[in-house]
Amino acid sequence: MKKVMLVFGTRPEAIKMAPLVKKFQEYPNDFETIVCVTGQHREMLDQVLTIFDINPDYDLNIMKQGQDLYDVTSRVLMGMRDVLKEVQPDVVLVHGDTTTSTAAALASFYQQIPVGHVEAGLRTHNIYNPWPEEMNRQITGRIATYHFSPTPLSKCNLLAERIKEDEITVTGNTVIDALYWVVDKIKKDNALSAELESVLKNIGYDVNRLVGGKKLVLITGHRRENFGDGFINMCSAIKTLIEKYPEVDFVYPMHLNPNVRKPIHEVFGEDLSNLGNMFFIEPLEYLSFVYLMEKSTIVLTDSGGIQEEAPGLGKPVLVMRDTTERPEALEAGTVKLVGTDYDKIVKEVSALLEEEEYYNQMSKAVNPYGDGLACEKIVKILK
């Protein structure tokens, strides 16, 4: 029996690793499945663990107020040292491009434990954009023994870096597995749907406003490289759009980081409670976010994972970044880059709201990130 340890610490990682944990647990005769969380995101991580009913075997609980990259890296590295010595797993699986994944991979390397990299091979080839994610995933890629790539393009990126072909498997992205699992859970459970509707209403948005075909633009923003002028431009564009389209609802679950909230208040004022068709709400746990995304018309974001998830639900995505490590979505036509350019954001949102043919081209494009069977493929490789 193989000991497989899955390590993750942020909400996006948890969402993408949770279905993989559940899949390994379906094979108790083949695998001893051990879950270690770092707590790089605390409350948001715990929400996902609850949704998927996952109880970690180890919790490093590293999060502290005002932590920076030095804090996260060193605390994960030191915490993993003791856990790995105790467990001695046969393989450690990490995800994507977080500081947790890189530090956990490095800790495993120091003990000569093979690393499997889930979502391997994404690249912008600009180490400062996105920062620090691009360098994180490159470092993890150099350490890994198993590379689970979401798409053929990500495999090509690894081959170009002289990773051996027999060490790479194209699996699709596990986020689609998670998305389909959650959407199915919501649709089958009327009480859960009612509960999620109530949660949204309590924090400031009533989904009953969407009855009758009313449109919804769902907005998220949190990236470090957009702090400052970038967020001011984004918020200014959104303010123009809410005035231009009073019949459309704009909902923005605000990240907790003060660098995100400060420019929102600078553009919209201190009181965000009565802005007509603009709804600033508190961060959403994953189920509520998927529920709202499924009801949205357009998604405006600087997130990485949403570029994969929203197209799975047929939602066009406008990405407020200058580069993306997910060019497959650009090529497929499911996403479009608008950067933090005020004019581009206003123009592209307007086009999707007004031009039906343009909207259909994006919403009906085939999602390049898989069919929801990525976890099964990963388990089969390790079997």
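# Close-up views of a predicted model

**View 1. Leucine 20 is a buried residue of helix 1.** Leucine 20 has a relative accessible area of 0%, so it counts as buried. The structure shown is a predicted model. Leucine 20 belongs to helix 1, which covers residues 11-25. Set aside residues up to four places away in sequence, and leucine 20 touches Leu6, Leu93, Val118, Cys375, Ile378 and Val379. Alanine 178 sits 158 residues away along the chain, yet its C-alpha atom is 8.9 Å from that of leucine 20.

**View 2. Two nonpolar cores lie apart from each other.** The largest nonpolar core holds 63 residues. Which residues have the most contacts inside it? They are Leu20, Leu93 and Tyr286. Another core, of 35 residues, lies apart from this one. Its members include Ile219, Val267, Leu272 and Tyr359.

**View 3. Lysine 16 also lies in helix 1.** Is lysine 16 buried or exposed? Its relative accessibility is 5%, and the cut-off for buried is under 20%, so lysine 16 counts as buried. Beyond its neighbours within four places in sequence, lysine 16 is in contact with eight residues named here: His95, Glu119, Asn173, Thr174, Val175, Gly305, Glu308 and Arg326. Cysteine 375 is 359 residues from lysine 16 in sequence. In space, the two are 9.6 Å apart, C-alpha to C-alpha.

**View 4. Helix 2 has a buried face.** Helix 2 spans residues 43-51. Its buried residues are Met44, Leu45, Val48, Leu49 and Ile51. Why do they line one face of the helix? Seen down the axis of helix 2, they fall within an arc of 160°, so they share one face. An α-helix has 3.6 residues a turn, so residues three or four places apart point the same way. The face turned away from the buried side carries exposed Glu43 and Thr50. Strand 1 (2-8), helix 1, strand 2 (31-37), helix 7 (174-188) and helix 11 pack against the buried residues of helix 2. Aspartate 53 follows helix 2 and has a positive phi, near 55°.

**View 5. Helix 8 meets helix 11.** Helix 8 runs over residues 190-202, and helix 11 over residues 286-295. They pack at an angle of about 90°, and their axes are 10 Å apart. The two helices are therefore roughly perpendicular to each other. Helix 8 brings Leu192, Ser193, Leu196, Glu197, Val199 and Leu200 to the contact. Helix 11 brings Leu287, Ser288, Tyr291 and Leu292. What kinds of residue make up this contact? Seven are nonpolar, two are polar and one is charged.

**View 6. Helix 15 has a buried side and exposed residues on the face turned away from it.** Helix 15 covers residues 356-363. Tyr358, Tyr359, Met362 and Ser363 are its buried residues. Down the axis of helix 15, these fall within an arc of 125°, so they line one face of the helix. One of them, Tyr359, is also a member of the core of 35 residues. Turned away from the buried side are the exposed residues Glu356, Glu357 and Gln361. What covers the buried residues of helix 15? The cover includes strand 11 (298-301), strand 12 (317-319), strand 13 (335-337) and helix 14 (342-354).

Note on methods
Residues are numbered from 1 along each chain as its sequence is written. This is a predicted model: local features need pLDDT of at least 70, side-chain atom pairs count only at pLDDT 80 or more; totals for chains, interfaces and linings use all residues. Side-chain values use heavy atoms; hydrogens and water are left out. Axes are lines fitted to C-alpha atoms, for helices over the stretch in contact, and angles run from 0 to 180 degrees between N-to-C directions. Helices (H or I, at least four residues) and strands (E, at least two) are DSSP runs, numbered from the N terminus. Angles under 35 degrees count as roughly parallel, over 145 as roughly antiparallel, 65 to 115 as roughly perpendicular and the rest as oblique. Contact means heavy atoms within 4.5 Å. Ala, Val, Leu, Ile, Met, Phe, Trp, Tyr, Cys and Pro count as nonpolar, Asp, Glu, Lys and Arg as charged, and the others, Gly among them, as polar. Buried means under 20% relative accessible area, exposed over 50%, partly exposed in between (1.4 Å probe, protein chains only). The arc is that of the directions from the helix axis to the C-beta atoms. A nonpolar core is a set of buried Ala, Val, Leu, Ile, Met, Phe, Trp, Tyr and Cys residues joined through side-chain atoms within 4.5 Å.
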